[in-house]
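Reader: Hello! I am new to this structure and would love a close look at one part of it, the place where the chains meet. Could you walk me through that part and what surrounds it?

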Amino acid sequence: MINLLTSPLFYLFLTIGIYTLFAWLSKKLHTPIFNPLLWTIILLSGYILLIVFIDKGNAMSLEDINYAVTQFQSSTSILDILLGPVTVALALPLYLNRHVLKENWLAILIGSIVGVGSSVGSVVLLGWLLNLDGSITLALYPRGVTTAIAREITTILGVGEHTSITVAMVVLTGVVGALLAPPLIKLFHDDEDTTIGLALGSASHAIGTSVAFNYSSKAGAIASVSMVTNGLLTVLVAIIVRLIIA
Amino acid sequence: MKLFKQLLLIFSFTLVGTLISYLLSLASFPFPGSLIGMILLFIFLLFGLVKVDSIHGVAQFFIDNMGIFFVPAAIASLKQIEIISAHWWKLLIILFAAFVISFTCTYWAVKLTLHLQHKGKKEAIVEQEANHD
């Protein structure tokens, strides 16, 4: 029975099934709380831990968990392999919104520079204030960048072993952004598409972009462009940081 | 067939990007291959060397369902459960504070830029009109 419940096909079935269910729920109910990626991570983590517990009982150890996670990773490696092509596909929204890019290039450029500066700056400052381990602080540099690019940045910074922490923080940043951005925008008393789109895309990547589309399609287009420019700029910052460290 | 062709085209850009990234890494410049592929595809689309229709279906599917491709990477954080549980409250503070800081900074920087641009345009128009008189 355990063999069936941990078989590659069943893991893929669960992953796609949970994701699709929550994607449908969040579309139906228009709320960022049902973010499909967040819930897939939570429920699958719970499932894996439960399977290990059923198998080993109270004797379960960190090694057993690691083994089960590795089994899950190899079952779903097709998703991981496709991450490269998925990142390349980001060229599509960039191309489809090229007129937005051309019209607002100055605002996008300044927004991205300030966005990357304040994002990396706040992580460095908070990491220092909280006395956080240096390599973990480095792994948090790209926390505001879209996941595909964030992963590459941890490799550039030489903290590839913490990539999964980065990915988890990136996803949570998107969800926090989707929850906090609307009240912040209300607080600032403003409804300009360019401002909303840039702040959302720059501070909370793809999930923020989907929130921006709720304001207007122009805000969404600007958000998707700024998500990519923000990512590219963070890569450049990471390369410079690495050259300084090395 | 159509989907396979689109997949092959997107894979090609990814692979070429990876190759260029490898060559750059020999010159100790670590630029991610998938991003090189993305920039190349964007340029090819701009110059009409690749038609939107020949990638649109698959690319749009990837974009619309981007989240699911990160599930394996995120689940791997279970392997780091020791580190995360040791630092969880620090991570939580950074999660919230860093978002509010970067969102607010970006927001006001863009607002100021647009304001100055708008003002610049207005002044240019006023000047033009003054010259006419």
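Author: Happy to help; here is a tour of the contact between the chains, followed by the domains and the confidence values. Please keep in mind that this is a predicted model. For the complex, the predictor reports an ipTM of 0.85 and a pTM of 0.83.

Let us begin at the contact itself. Chain A brings 86 residues to it, and chain B brings 62 residues. On the side of chain A that touches chain B, the greatest contribution is that of helix α12 (residues 163-187) of chain A, with 14 residues. Sorted by class, that side of chain A holds 54 nonpolar, 24 polar and eight charged residues.

Now step back to chain A as a whole. Its domains are domain 1 (2-81) and domain 2 (91-245), and their C-alpha centres are 27 Å apart. These domains also touch: five residues of domain 1 of chain A are in contact with six residues of domain 2 of chain A. On the domain 1 side of that contact there are four nonpolar residues, one polar residue and no charged ones.

Chain B, the partner, is assigned domain 1 (1-64) and domain 2 (74-133). Between the C-alpha centres of these domains of chain B lie 29 Å.

Finally, a word on confidence in chain B. Its mean pLDDT is 89, with 98% of its residues at 70 or more. Among the elements of chain B, helix α1 (residues 2-26) has the highest mean pLDDT, 94, while helix α4 (residues 71-75) has the lowest, 86.

Technical notes:
Residues are numbered from 1 along each chain as its sequence is written. Chains are lettered from A and ligands numbered from 1 in the order in which they are written. This is a predicted model: local features need pLDDT of at least 70, side-chain atom pairs count only at pLDDT 80 or more; totals for chains, interfaces and linings use all residues. Domain bounds come from an automatic or database domain assignment. Two residues are in contact if their C-beta atoms, placed from the backbone, lie within 7 Å. Ala, Val, Leu, Ile, Met, Phe, Trp, Tyr, Cys and Pro count as nonpolar, Asp, Glu, Lys and Arg as charged, and the others, Gly among them, as polar. Helices (H or I, at least four residues) and strands (E, at least two) are DSSP runs, numbered from the N terminus. pLDDT is the predictor's confidence in each residue, from 0 to 100.
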